[in-house]
Amino acid sequence: MDLALVTFASFFAGLVDSIVGGGGLILVPALFAAYPTAPAATLFGTNKSASVWGTSFACWQFARRVDLRWAVLGPAAGAALVGGLLGAWAVTLIDPAFLRKALPLILLAVLLYTVARKDLGQHHAPIASRCAEIAGASAIGLVIGFYDGFFGPGTGSFFIFLFVRFLGYDFLNASASAKLLNVATNLAAIGLFAAKGHVWWHIGLTMAVANVAGSLIGSRLALKHGAGFVRHVFIVVVGALILKTGYDAFLR
């Protein structure tokens, strides 16, 4: 029953994550509910071992239909990988608890800005300078990659918002680009967790199959319905993240 629960959750996590990120909002609580006595690091590592496959397949799906800017995203993915490793190292030295109260407020600002700007992310018009675009994408990869390794919730949504706001991408292209960077940060985290023996590979493999199935459906929905659909899902997922992180920070 425990494995069935987390496999079911992994499917829906893959579906949501492939569109706008935020799959951890579904899968991580399910893992903690199913295995309440397991070490937190093991559950986080197992989550990453499953979600990386769904994110990778979603990235592949988008790459077949969306003209990804590889010259920009290659350096950005490398920066995200470095950022993820640095964040994972930093969390061994610094307690990230101070971010718990700040996170829902940051997400609320992102949500309000997105809702207020009706035209935000509707048109794909990357900034004119390729050098500036590479530098901006790499900076986003490094900073959010560090955040993902250090704390984590909402990483995919932050990637999407920053690509839309600062690089001029529409929501569909930003979501596709975020997948590649998310793969890099997930690989960094898996490397650290696996090195310390914090991955249940047998459970992770089963969840990975379900996660890939969900991601294939989610990415096809995003590609079929376009930037407007991704924007609406983004608003819903960020709203859910605000409620979850706000509850964890102020009410639990």
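The legends below describe close-up views of a predicted model.

**View 1. Spans listed as transmembrane region in the UniProt record.** The unreviewed UniProt entry lists residues 68-91, 97-115, 150-169, 199-217 and 229-247 under "transmembrane region". In the predicted model, residues 199-217 are 89% helix and 0% strand, and the C-alpha atoms at the two ends of this span lie 26 Å apart. Residues 229-247 are 100% helix and 0% strand, with 27 Å between the end C-alpha atoms.

**View 2. The aromatic pair of Phe-57 and Trp-60, with the charge of Arg-64.** Across the whole structure there are 12 aromatic pairs. One of them joins Phe-57 and Trp-60 in an edge-to-face arrangement, with ring centres 6.4 Å apart and 80 degrees between the planes. Both residues belong to helix 3 (residues 40-65), and because they are 3 residues apart there, about one helical turn separates them. Phe-57 has a relative accessible area of 32% and is therefore partly exposed, and Trp-60, at 46% relative accessibility, is likewise counted as partly exposed. The ring of Trp-60 also has a charge over it, since the charged end of Arg-64 sits 4.8 Å from the ring centre.

**View 3. The aromatic pair of Phe-98 and Phe-150.** The ring centres of Phe-98 and Phe-150 are 6.2 Å apart and the planes meet at 50 degrees, so this pair is classed as tilted. The pair links distant parts of the chain, the two residues being 52 residues apart, with Phe-98 in the loop between helix 4 (70-90) and helix 5 (99-116) and Phe-150 in helix 6 (residues 130-150). The two partners fall into separate accessibility classes under cut-offs of under 20% for buried and over 50% for exposed: Phe-98 is exposed because its relative accessibility is 54%, whereas Phe-150 is buried because its relative accessible area is 8%.

**View 4. Further aromatic side chains.** Phe-8, Phe-11 and Phe-12 together make up one aromatic cluster. Elsewhere, the charged end of Arg-165 is placed over the ring of Phe-166, at 5.0 Å from the ring centre.

**View 5. Helix 6 and what covers it.** Helix 6 has 21 residues, which at 1.5 Å a residue should span 30 Å, and the end C-alpha atoms are indeed 30 Å apart, so the expected and modelled spans agree. The buried residues of this helix are Glu-133, Ala-137, Ser-138, Ile-140, Gly-141, Ile-144, Gly-145, Tyr-147, Asp-148 and Phe-150. The elements that cover these buried residues include helix 3, helix 4, helix 5, helix 7 (155-167) and helix 8 (171-195). After helix 6 comes Gly-152, which has a positive phi near 115 degrees.

**View 6. Two cysteines in a model with 0 disulfides.** The count of disulfides is 0. Cys-59 is buried, because its relative accessible area is 8%, whereas Cys-131 counts as exposed, because its relative accessibility is 65%.

**View 7. Leu-107 and Lys-101 in helix 5.** Leu-107 is part of helix 5 and, with a relative accessible area of 1%, is buried. Setting aside neighbours within four places in sequence, Leu-107 is in contact with Phe-158, Val-238, Leu-241, Ile-242 and Thr-245. By C-alpha atoms, Leu-107 is 23 Å from Phe-32, which is 75 residues away along the chain. Lys-101 also lies in helix 5, but this residue counts as partly exposed, at 46% relative accessibility. With neighbours within four places in sequence again left aside, Lys-101 is in contact with Ala-249 and Phe-250. The C-alpha atoms of Lys-101 and Tyr-247 are 9.7 Å apart in space, although 146 residues separate the two in sequence.

**View 8. Leu-243 in helix 9.** Leu-243 belongs to helix 9 (residues 201-250), and at 65% relative accessibility this leucine counts as exposed. From Leu-243 to Leu-81 the C-alpha to C-alpha distance is 29 Å, and the two residues are 162 residues apart in sequence.

Methods:
Residues numbered from 1 in each chain as written. Predicted model: local features only at pLDDT ≥ 70, side-chain atom pairs only at ≥ 80, totals over all residues. Heavy atoms only, no water. UniProt positions renumbered as here; feature names shortened; annotations may be inferred. Helix = DSSP H or I, 4+ residues; strand = E, 2+ residues; numbered from the N terminus. Phe/Tyr/Trp six-rings, centres within 6.5 Å; stacked < 30°, edge-to-face > 60°. Buried < 20%, exposed > 50% of the residue type's maximum accessible area, 1.4 Å probe, protein only. Lys NZ or Arg CZ within 6 Å of the ring centre and 35° of its normal. Expected span 1.5 Å × (residues − 1). Contact = heavy atoms within 4.5 Å. Disulfide = S-S within 2.5 Å.
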